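The paragraphs below lead through one protein chain, beginning with a single side chain and widening to the elements around it. Please keep the sequence and the model in view while reading.

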Amino acid sequence: MTNNGFGALRHSIFALLKKRGKGRFHDDAVSLRSRGFASIFIIALLVPVPGYASPVVGAQGPITGAAIASAHPLATRAGYEILKRGGNAFDAGVAVSAALGVVEPYSSGLGGGGFWLLHRAADGSDVMVDSRETAPGRATPDMYLDAHGRPIPHASTRGGKAAGIPGVPAALVHIAQHYGRLPLATDLEPAIRLARDGFAVDKRFAHMTQLREKLLQNGRNTAATFLDHGHALKPGFLLKQPDLARTLEALAQHGRAGFYEGSVAAHLAHAIDAAGGIWSLDDLRDYRVIERKPARIHYRGATVIAASLPSAGGIALAQTLHMLERYDLPDTRSARSAHFIVEALRRAFQDRARYLGDPGFVKVPVARLVSRPYADERAASIDADRATPSSALALHPAPLHEGDNTSHFSIIDQDGNCVAATLSINLLFGSGVVGDDTGVLLNDEMDDFTTAPGVPNSFKLRGGEPDRVEPGKRPLSSMTPTFVEDHKGIFVVGSPGGSRIISQVLLAVLDYIQQPSVDLQRIVGAPRYHHQFWPDVVEIEPDSFSKQWQAAMEHYGYHLKIIGRKWGNMQAAFKSRVDGTAIAASDPRGEGIAWY
């Protein structure tokens, strides 16, 4: 059997595991690289019997009470391997992050950024590691406008000017050094193997190359990296990325200097310059991750811990949950509950545009925005029986004083350490620029800045002055990795989805808190709706809400828009406070798999 044929069958096996709702691997499962029919036969025999959870055997003995959910089976497997070798959740998080960058480069990778929410069980501490991209030193507020002040088409989404300085490599080094148990080089081994030896492309990967075939054909170094003789890949194609493997090896051997200095940095800067960008070697050398205090929200007996600025997610969750405390929401998918949730989202997204930006550059009135008195003010304008038109709410800021394509994974280890990480390069295949001889696909996150006040970005989000481009500034983000702690245990969740991330996480948090017992598969598979202030429509997934539900929402005064495809790729994990067992679930909309 060919390697490509093996990959197709391997994908089918994982699809079967996912449909059964669990992805448990026996401790002696072989590596999932292409090793021929014998490997397929062994893995097929290890498909678990429902209800039977075999412990993982690690360097310290049997490991129970651990769980991983990621957007790709091979990334989940990478995390499993590291736990088996004695690593903790933070080591596994580094391994999963790096592996996702190899097998899902259209969503995340070394050329992007992200937020890692970490919970350390030993002392109960929570921290957010901010590795969001930064604007290069020569960036200017009007760099995407023409001489008449109009946005230049595609200037912030394609080519060298679209890319911010990547943060993922620095985060991998930081987390491994400060929180991990194993050397960085060990954590990166699974990703290096996947890049060097290759993996069989699945249907999702092939579809992404079809969607962005023209970008990849015309990008810098992208055709040679992600296409087959200039054309979109077919499922089962064995994709090898030797340049990326060497870059990962440099990072493993030299730490951050292996990426942000030396030959890798020089090749990245040269590629950006050749593609019309403005990076300097100083921009790369000076990049740093920032540890931030996460948002902490109390709602109906639960504590919600979420990403803080420059993520808009934590503030949005605080605002929406505080507004929703006054309403009875027995079923978040009923039209009545949806009405109040949509109105809370409308007001939170309005404030996102009015006030939020990088806290290193903008004074954001966070304490006031997340306070209950402010929630009372905002909720007072909600009509219990009618939708509030967004045009009736001001976009300009009022004085306040202090008083598609991303990836996510969730991990809980046997000791109770937790990781919720959301990573992104923004649009599919980012800027369409691969750094010369590095294999690193670079982001187009500069599109998350406000091109001009009121001008929407690719996710139709309208921004304001606080999110304008400045050198060294981090663009506002919707990525919202989240923990929820209550009497049941700890719930770890997040999802990709652009501006829809916040509504997805909000619905998941509400669903979890309201469930007397935990059904993760129900949470990650539940139908979704979304509102973001502008455009003034309620987006709903296709074939998810009845005609009666739609009629009820229209009766409230909402304009509904059925999106052509389902969105998001939620990954969730849970550890019981009662008996220490752990479970995980991967969104049925994606190709991921959960292990526990």
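The side chain of Asn 417 reaches the backbone nitrogen of Ala 121 at 2.9 Å, a polar contact (a pair of N or O atoms within 3.5 Å; within protein, one must be able to donate a hydrogen and the other to accept it, and residues adjacent in sequence count only if both atoms are side-chain atoms). The model is predicted: local features need pLDDT of at least 70, side-chain atom pairs count only at pLDDT 80 or more, and totals for chains, interfaces and linings use all residues. Residues are numbered from 1 along each chain as its sequence is written, and side-chain values use heavy atoms, with hydrogens and water left out.

Asn 417 sits in the loop between S11 and S12; strands (E, at least two residues) and helices (H or I, at least four) are DSSP runs numbered from the N terminus. Its relative accessibility is 7%, so Asn 417 counts as buried (under 20% relative accessible area; exposed is over 50%, partly exposed in between; 1.4 Å probe, protein chains only). Leaving aside neighbours within four places in sequence, its contacts (heavy atoms within 4.5 Å) include Asn 88, Phe 90, His 119 and Ile 411.

The two strands flanking this loop belong to an open, antiparallel sheet of seven strands, ordered S8-S5-S4-S12-S11-S3-S20; strands pair if DSSP finds at least two bridges between them. Strands S8 (290-292) and S20 (593-595) are at the edges with a single partner strand each, so one side of each has no neighbour in the sheet. S5 (residues 125-130) pairs with S8 over three bridges in the antiparallel sense, and Met 128 stands opposite Arg 292 in S8.

Helix H3 (residues 73-84) packs on the sheet, touching S3 (67-70) and S20, with its direction at about 155 degrees to that of S3. Such angles run from 0 to 180 degrees between N-to-C directions, the axes being lines fitted to C-alpha atoms, for helices over the stretch in contact. Helix H4 (residues 89-103) also packs on the sheet and touches S3, S4 (113-120), S11 (406-412) and S12 (418-424).

The largest nonpolar core (buried Ala, Val, Leu, Ile, Met, Phe, Trp, Tyr and Cys residues joined through side-chain atoms within 4.5 Å) has 85 residues, and Leu 356 is among those with the most contacts inside it. Apart from it lies another core, of 84 residues, including Val 127 and Leu 428.

Confidence is given by pLDDT, from 0 to 100 for each residue. The chain averages 89, but pLDDT stays under 50 over residues 1-61.

Terms used:
pLDDT is the predictor's confidence in each residue, from 0 to 100.
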